[in-house]
Amino acid sequence: MTDQEHWDAIVIGSGMGGMTSAAALSKMGHKVLLLEQYKTLGGLTHSFSREGFSWDVGIHYLGCMAPEDRERGMLDWLTHTPMEFESMGAVYDNLHLADAPPLALSRPFEAQERDLKDRFPDEAEAIEEWTIALREGRETMYTVASTRAMPDFVGQMIEWWNQRAIDKWCKRTTQEVVDSITQNPDLAAAFTAQWGDHGGRPHKASFAMHALILGCYLESGAWYPVGGGKAFAEHLIPTIIEAGGEARAGVKVETLLVENDKVVGVRTSTGENIYSDVVISNIGARETLNNLLPEGFGPEDWISEIQALPASIAHFDLFLGFEGDVEEAGATRSNHWVYPTGEIDAIWADAPNGNPPGFFVSFGSLKDPNHDPGPKQKYAGDMVVWADWNSVARWADLPSGARGAEYKAFKQQVEDKMFALFKAYFSDLAELVVFRELSTPLATAAITGHHEGRFYGLDGTPERVMSDALQAKTPIEGLYLSGQDVVSIGIQGALWGGILCAASVDRRIFKQLKG
């Protein structure tokens, strides 16, 4: 590699948005260089293994992947060979709210409406109103998201035309919409319990974001990639390479190269300059400003608006390895949301003190038809607890091997608290656990580069949804943003962020969107 190396486009970060923007441009004949700081390509879609067990770091289930869905069609176009997805069936989530019996949630909209009416027979009118709100909120969010790759005047016209719906669904929080529909606290808890799917706490998140993410599963069910999350990189990277591009892991971009007020390439941490008239950042909007922009460069109003947007939550993830008949012991393909006290809008802010107010459990091995448990019946699952960065902030500036006995004790306390809760709800499964490994927000920050380990990026607040600063094409010539900060939170949002970013670079891609 030399300082004369020049590409049609450089993409920084190999998460879902980075891979899809690179693949889309490759399909149009561009030679794209995809750079990833971590040792493994795929960002939060990558998988890892320990002692014969394998886990996905960020995928538990996906919406919008039915054969007839637009997102599935886009993936079929982008991938070198088509990906396969396995349906999780009619029931995809189970809610455990305080002492109430578990509530199984089904798809589509009509089925879930019936699930809720069976549990809350006196609240039929409120449940029907909630379903309407989810449908309308989802469509409004799609409308707003479409403006992220349009010329300013077109986007402004679309927003003006849809102003009433935007005011009603985008500018109100999830909690405000729920409060306008029902005063039944148990029903309100059921409406909001899955907020962890987008990381937006009900009192903070735009309802439209909540509706978009939940509606993905209600429209066409929940799906899991055959072969696990790593299948995305396995199918998207070859598209880039076939067009003459490359994907390089273990390459950290130090800064953007700037000439005459425009971005002309990147400099890596080893001092190598790589040039392109198109640089796409998929590491997050705030991270792009903080880590890549040369000091004093870029419009102050644009930078200030992004910096003012709050970051999302952090999390602890306890990866579990089981040996034995996990289905007999209570494991399911559907996920579990557990709130021991019934308090929904809360995170574990003071870890390791107290107890987590809620947690999420998923059994990835049961979702993947390619999983071979072998003679020891090995299965993988994990338990996620929403937390705050402050609990680990004091160790943030220390290398992972230099955090000392205090950090080791902290991790053990967190792991013990989490596993005790798991055992309280899944006692038979706990007996089959032969492997445990805890991931903290520090690991998320190290692997993804996300600000304070907040892997959902910017919080899905009304201000974020309506921010004009989060356009795919930035006000800096040559610099583009991709990923979930552009459109919406999660893998589906990152996919659309990548597609719309690529379309901002090469308008021919819009024809694929119409198709």
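# A guided visit to a predicted model

Visitor: Which strand is joined to strand 14 by 10 bridges?

Guide: Welcome to this predicted model! Strand 14 has an antiparallel partner, and 10 bridges hold the pair together in the bridge count. That partner spans residues 378-387 and is strand 17.

Visitor: Within that pair, what is the bridge partner of Gly-321?

Guide: Gly-321 belongs to the run of residues 314-323 that forms strand 14. Look across to strand 17, and the residue bridged to Gly-321 is Ala-380.

Visitor: And which residue of strand 18 does Asp-317 stand opposite?

Guide: Strand 14 also pairs with strand 18, residues 433-439, in the antiparallel sense over 6 bridges. In strand 18, the residue opposite Asp-317 is Ser-439.

Visitor: How many residues of strand 14 are buried?

Guide: Strand 14 pairs with strand 17 and also with strand 18. The strand is mostly covered, and of its 10 residues the number buried is 9.

Visitor: Let us move on to the second largest pocket; which element gives the most residues to its lining?

Guide: This pocket has a volume of about 560 Å³. Its lining counts 26 residues, and Tyr-38, Arg-50, Ser-439, Ala-443 and Ile-447 are the closest to the centre. Elements giving two or more residues are strand 3 (47-50), strand 14, helix 14 (404-425), strand 18 and helix 16 (441-448). The top contributor, with 6 residues, is helix 16.

Visitor: How many residues of that lining are charged?

Guide: The lining is a mixture, with 11 nonpolar and 9 polar residues. The charged residues in the lining number 6.

Visitor: Is Phe-422 buried or exposed?

Guide: Phe-422 lies in helix 14. Beyond its sequence neighbours within four places, Phe-422 is in contact with Leu-320, Phe-322, Val-361, Met-383, Ser-427, Leu-429 and Ala-430. Its relative accessible area is 0%, and buried means under 20%, so Phe-422 is buried.

Visitor: What separates the C-alpha atoms of Phe-422 and Ser-334?

Guide: These two residues are 88 residues apart along the chain. In space, their C-alpha atoms are separated by 16 Å.

Visitor: Which helix gives the most residues to the largest nonpolar core?

Guide: That core holds 73 residues, and Ile-12, Phe-232, Leu-256, Val-266, Trp-302 and Ile-509 touch the most other members. With 9 residues, spanning 491-505 in the chain, the helix that gives the most is helix 18.

Visitor: Which proline does Leu-256 touch?

Guide: Setting aside residues up to four places away in sequence, Leu-256 touches Ile-12, Val-263, Gly-265, Val-266, Val-279, Leu-292, Leu-293 and Leu-479, together with one proline. That proline is Pro-294.

Visitor: How many residues make up the other core, with Phe-191 among them?

Guide: This core lies apart from the largest one, and its members include Leu-134, Val-178, Phe-191 and Val-384. Its residue count is 54.

Visitor: Which strands do the buried residues of helix 8 pack against?

Guide: Helix 8, residues 185-192, is mostly covered, with 6 of its 8 residues buried. Those are Leu-187, Ala-188, Ala-189, Ala-190, Phe-191 and Thr-192. They pack against helix 3 (109-119), helix 4 (124-146), helix 7 (174-181) and helix 9 (207-220), and also against strand 6 (91-97) and strand 7 (103-106).

Visitor: Which proline is joined to Arg-107 by a cis peptide bond?

Guide: Most peptide bonds are trans. Here omega is about 5°, and the proline sits in the loop between strand 7 and helix 3. The residue joined to Arg-107 is Pro-108.

Visitor: Where is Pro-352 found?

Guide: Pro-352 follows another cis peptide bond, from Ala-351, with omega near 5°. Its place is the loop between strand 15 (335-339) and strand 16 (359-362).

Visitor: Is Asn-260 buried or exposed?

Guide: Asn-260 is found in the loop between strand 10 (253-259) and strand 11 (262-268). Its phi is near 50°, a positive value in a residue other than glycine. Its relative accessibility is 73%, and the exposed class starts over 50%, so Asn-260 is exposed.

Visitor: What is the phi of Asp-261?

Guide: Asp-261 lies in the loop between strand 10 and strand 11, and counts as exposed at 62% relative accessibility. Although Asp-261 is not a glycine, its phi is positive, at about 65°.

Notes
Residues are numbered from 1 along each chain as its sequence is written. This is a predicted model: local features need pLDDT of at least 70, side-chain atom pairs count only at pLDDT 80 or more; totals for chains, interfaces and linings use all residues. Side-chain values use heavy atoms; hydrogens and water are left out. Buried means under 20% relative accessible area, exposed over 50%, partly exposed in between (1.4 Å probe, protein chains only). Helices (H or I, at least four residues) and strands (E, at least two) are DSSP runs, numbered from the N terminus. Two strands pair if DSSP finds at least two bridges between them. On a 1 Å grid over the protein atoms alone, a cavity is a set of points where a 1.4 Å probe fits but cannot get out, and a pocket is an open set with protein on both sides within 12 Å along at least five of seven lines; lining residues have an atom within 4 Å of a point. Grid points are joined across faces, edges and corners, and a volume is the space filled by probe spheres set on the points. Ala, Val, Leu, Ile, Met, Phe, Trp, Tyr, Cys and Pro count as nonpolar, Asp, Glu, Lys and Arg as charged, and the others, Gly among them, as polar. A nonpolar core is a set of buried Ala, Val, Leu, Ile, Met, Phe, Trp, Tyr and Cys residues joined through side-chain atoms within 4.5 Å. Contact means heavy atoms within 4.5 Å.
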